[in-house]
Structures are given as structure tokens and as C-alpha cells.
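Visitor: I'd like a close look at a single part of this protein. Could you pick a salt bridge, go through it slowly, and then show me how it fits with what lies around it?

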Amino acid sequence: MDAKNSALCPRRSAELISTNSKDVSISQHGVVNTSKIIFDCLKTNKYSFKVWKEHELHPKEMNKETVDWIFVLDCLNFSFWVDDEYEPWKVSFEGKDYEGYWALCAGINRALKEGIPLTKPSFFATITTSQLQHIFRSETSTKMPLLKERAEILNEAGKFLMENYQGSFANMISKCNHSAQKLLKLITTSFRGFRDEGTFNNHKVSFYKRAQILIADIWACFEGKTWGSFDDIEIITMFADYKVPQSLLHLKVLEYSSDLMDKLRMGKTIPPGNHLEMEIRGNSIWAVEHLYQTVKKMALNDKEFACKSPRELAQCLNSVIIDFYLWDFAKEKVEKITDLPCHKTRTIFY
């Protein structure tokens with residue numbers, strides 16, 4: 001991208017959006033209370049990057065094939081919600097049914113078990129919508145949303161990796177010298193499907209949800225080693241989606257206007273790029289930055305953490321780990337609370 005037309009980075013975008021928001025705000029009281037909860041989880045080792053591999057459907061091996069598994073995962077990691085009048089999209093794998101993000105993971109694992117080389121760029125460079133529909137076939141009558149768009153994203157990504165990186169995302173990582181920032185720029189400039197940008201108050205802003213979670217998933221899976229070794233992982237922000245804002249709202253870190261709450265409770269879809277959608281996403285990123293800085297201060301005043309070098313501290317405390325905590329919290333405790341709806345925006349970016 002031309003530098004003069006480039007978007008603000010997600011962190012600066014979030015600050016701009018939060019400063020100029022009308023319908024979403026951050027409660028400092030909620031930040032302080034939630035920071036105490038998160039710090040306790042970190043201090044008692046209840047939460048670290050190791051939680052990523054503890055999920056049953058995530059790969060456990062730390063090899064090149066796993067890098068490509070994660071790349072396909074995050075090429076497709078968006079828009080799993082369906083309207084209330086329809087059954088959920090549901091994937092069955094090894095005797096168990098999964099919904100949402102976990103249905104995506106189950107579908108990838110099922111395809112590989114069936115001998116479909118879904119994680120190979122040479123295969124998905126030419127994958128069709130009908131092939132994807134079969135791979136992610138549902139136990140209900142509801143199809144995986146946005147199948148055509150998913151096929152297009154995989155086609156673009158597969159062709160690019162075949163032409164430029166010998167058919168593996170691992171080779172793309174190797175070009176970035178352990179820099180998450182360099183890799184983020186390379187991903188968002190190379191693949192249109194990862195270019196999660198918009199305009200807010202006449203400023204070009206970015207969120208880069210899937211690009212950032214791609215880097216974070218690899219960092220967590222590889223435990224900060226080999227392909228997951230990044231000297232600057234702290235530059236990654238939280239991943240602005242549906243579920244984490246729901247957790248932040250429940251924890252009273254975020255506050256919504258009555259008009260916005262009414263829209264969400266009525267189940268109204270918010271178009272991508274609408275100021276309400278951008279305020280929710282931008283304030284979510286900025287709220288997690290507040291949480292991160294508050295928890296970091298707690299850590300620096302604690303004997304266990306204060307002795308760590310800045311790099312060591314960044315490997316155990318950053319916005320990525322806080323996001324992981326908040327996403328799991330949403331799935332386990334918040335999702336079924338009917339008066340705390342998440343916003344609905346149909347988009348390829350989250």
C-alpha cells in the first residue's frame with residue numbers, strides 16, 4: 001500500500017475511535033475491577049499462551065504442517081452466526097457436534113482425516129464453493145455462511161503462497177526475522193482478504209482482526225519458539241470481533257448507549273463500516289489496552305513478575321493473552337445471557 005494512503009495501525013485506530021465515540025465508552029472502574037481478575041488468573045498460572053493447545057480441536061504438534069493448518073484456520077475464521085430463526089451451522093467430528101468457531105476447527109480436522117488436503121496451498125488455490133460446502137457440511141439444514149467469499153479468500157491466498165513462498169505460510173514467517181510487526185504488514189499488504197480497514201471521522205483506520213489472530217495463534221501454538229518466536233509480540237492488540245465486546249460489556253468495562261442496546265436487543269444487523277460497528281470494535285481494542293497497561297503495572301509491583309526482563313514479561317503478559325481470556329469467558333459464561341447481545345455484522349473480517 002502507498003504510505004500516504006495507509007491506515008493507522010489498530011492501536012492508534014482504536015485510540016482515535018474511542019476518543020471520538022458517541023455510543024460506546026470505557027469505564028475506568030470496570031477496567032480496574034477486571035484487571036484484578038485477569039492478574040489473579042495470570043499469577044496463579046490459570047492463564048497463559050498454553051491455553052491455546054489445551055482446546056481439544058487445536059493441533060498439538062509444533063511443525064510446519066501445523067503452521068499451514070493455522071493459516072487455513074484464520075483465512076476462514078469469520079462470520080459463523082446465523083439469524084435466530086434458523087438452526088445453527090453444526091459440524092460433527094469423532095462423535096461430537098460443534099458450532100461456530102469450533103465447527104470450523106472440526107471441519108478442518110474432519111477433512112484431513114478423510115484425506116482431503118485442505119491445508120495445502122496447492123489444493124486450496126483452486127478450491128470451489130461446492131467443495132467447501134461438502135468439507136464444512138452441516139448436521140443441520142444451515143450451510144456455513146459466506147461460502148463463496150471463503151473460497152475466494154482461499155484461492156487468492158493459495159495462489160500467492162504457491163507463487164511467492166514455495167507453497168507454505170511458514171516460509172512467509174521466516175522472511176520476517178522474528179518480528180510480528182513485519183509479519184502483520186506483510187500479511188495485510190499481500191492478501192486483500194486480511195485487509196480489515198475502514199474510515200472513521202475521515203481517518204483511515206484498521207482493525208486487522210484475522211491477520212493479528214493468525215500471528216497470535218502461531219505464537220501461542222509454538223509457545224513463542226521456532227515459527228512462533230516473535231521479539232515484539234506485544235505490538236499485537238486484541239482481536240475485534242463479536243464475543244470479546246460481549247465479555248467487556250458483561251464485565252462493565254464497556255458501556256453502550258441506550259439506543260445501541262435497543263438496536264442489539266432487537267437483533268438488528270449493523271452494516272460493516274457503520275459508525276456503531278466501528279465504535280464497538282475500536283473501543284474493544286482500546287479497552288483491552290487499558291486492561292493490559294493496568295495489569296502490567298500490577299505485575300511490575302509483584303515480586304514474581306518484577307524480576308522478569310521486558311521480553312520475558314511480554315511473553316507472559318500482553319493483549320493477546322487478555323483477549324484469549326475474554327473470548328473463553330464469553331463462550332463459557334456470557335454467551336447464553338440473553339440481555340447481553342453481541343452485535344451482528346455480516347463481514348469477512350470477523
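Guide: Let's start with E114, which is partly exposed, with a relative accessible area of 40%. Keep in mind as we go that this is a predicted model. The side chain of E114 meets that of R137 in a salt bridge, at 2.5 Å from N to O. E114 sits in the loop between α5 and α6 (121-124), while R137 sits in the loop between α7 and α8 (147-164), so this pair ties together parts that are 23 residues apart in sequence. What about R137, then: buried or exposed, or something in between? R137 has 27% relative accessibility, so R137 counts as partly exposed. The general idea behind such a pair is simple: side chains of opposite charge can pair when their charged atoms come close.

Now step back along the chain into the helix that comes before that loop. Helix α5 covers residues 100-113, which makes 14 residues. From its first C-alpha to its last, α5 reaches 20 Å, close to the 20 Å expected at 1.5 Å a residue. Unlike a partly exposed residue such as E114, α5 is mostly covered, with twelve of its 14 residues buried. Among the buried ones are G100, Y101, W102, L104 and R110. And what does the covering? The elements over the buried residues of α5 include α4 (64-75), β2 (90-93), β3 (96-99), α7 (129-135) and α17 (319-334). After α5 you also meet G115, whose phi is positive, near 85 degrees.

Back to salt bridges, since E114 and R137 have company: the count comes to 15 salt bridges. One of them joins K148 and E152, with the closest N and O atoms 2.7 Å apart. Both K148 and E152 lie in helix α8, four residues apart, or about one turn of the helix. Here is the general reason that spacing matters: an α-helix has 3.6 residues a turn, so residues three or four places apart point the same way. E152 is partly exposed, with a relative accessible area of 41%.

Another salt bridge forms between D196 and R281, and here too the closest N and O atoms are 2.7 Å apart. This pair links distant parts of the chain, 85 residues apart: D196 is in the loop between α10 (180-190) and β4 (197-200), and R281 is in helix α14 (residues 275-300). D196 and R281 are both buried. Elsewhere, salt bridges that share partners join K43, D302 and E304 into one network.

Both ends of the D196 and R281 pair are worth following. On the D196 side, β4 pairs with strand β5 (residues 203-206) in the antiparallel sense, over four bridges. Within that pairing, E197 has S206 in β5 as its bridge partner. The hairpin of β4 and β5 has two residues between the strands, and N201 there takes a positive phi near 50 degrees.

On the R281 side, helix α14 also holds N283. With 0% relative accessibility, N283 counts as buried. Its side chain and that of S21 are joined by a polar contact of 2.9 Å. Leaving aside neighbours within four places in sequence, N283 is in contact with I17, S18, S21, V24, S25, I26 and L254.

Terms used
Residues numbered from 1 in each chain as written. Predicted model: local features only at pLDDT ≥ 70, side-chain atom pairs only at ≥ 80, totals over all residues. Heavy atoms only, no water. Expected span 1.5 Å × (residues − 1). Buried < 20%, exposed > 50% of the residue type's maximum accessible area, 1.4 Å probe, protein only. Contact = heavy atoms within 4.5 Å. Salt bridge = Lys/Arg side-chain N within 4 Å of Asp/Glu carboxyl O. Pairing = 2+ DSSP bridges. Polar contact = N/O pair within 3.5 Å; in protein donor to acceptor, adjacent residues only side chain to side chain.
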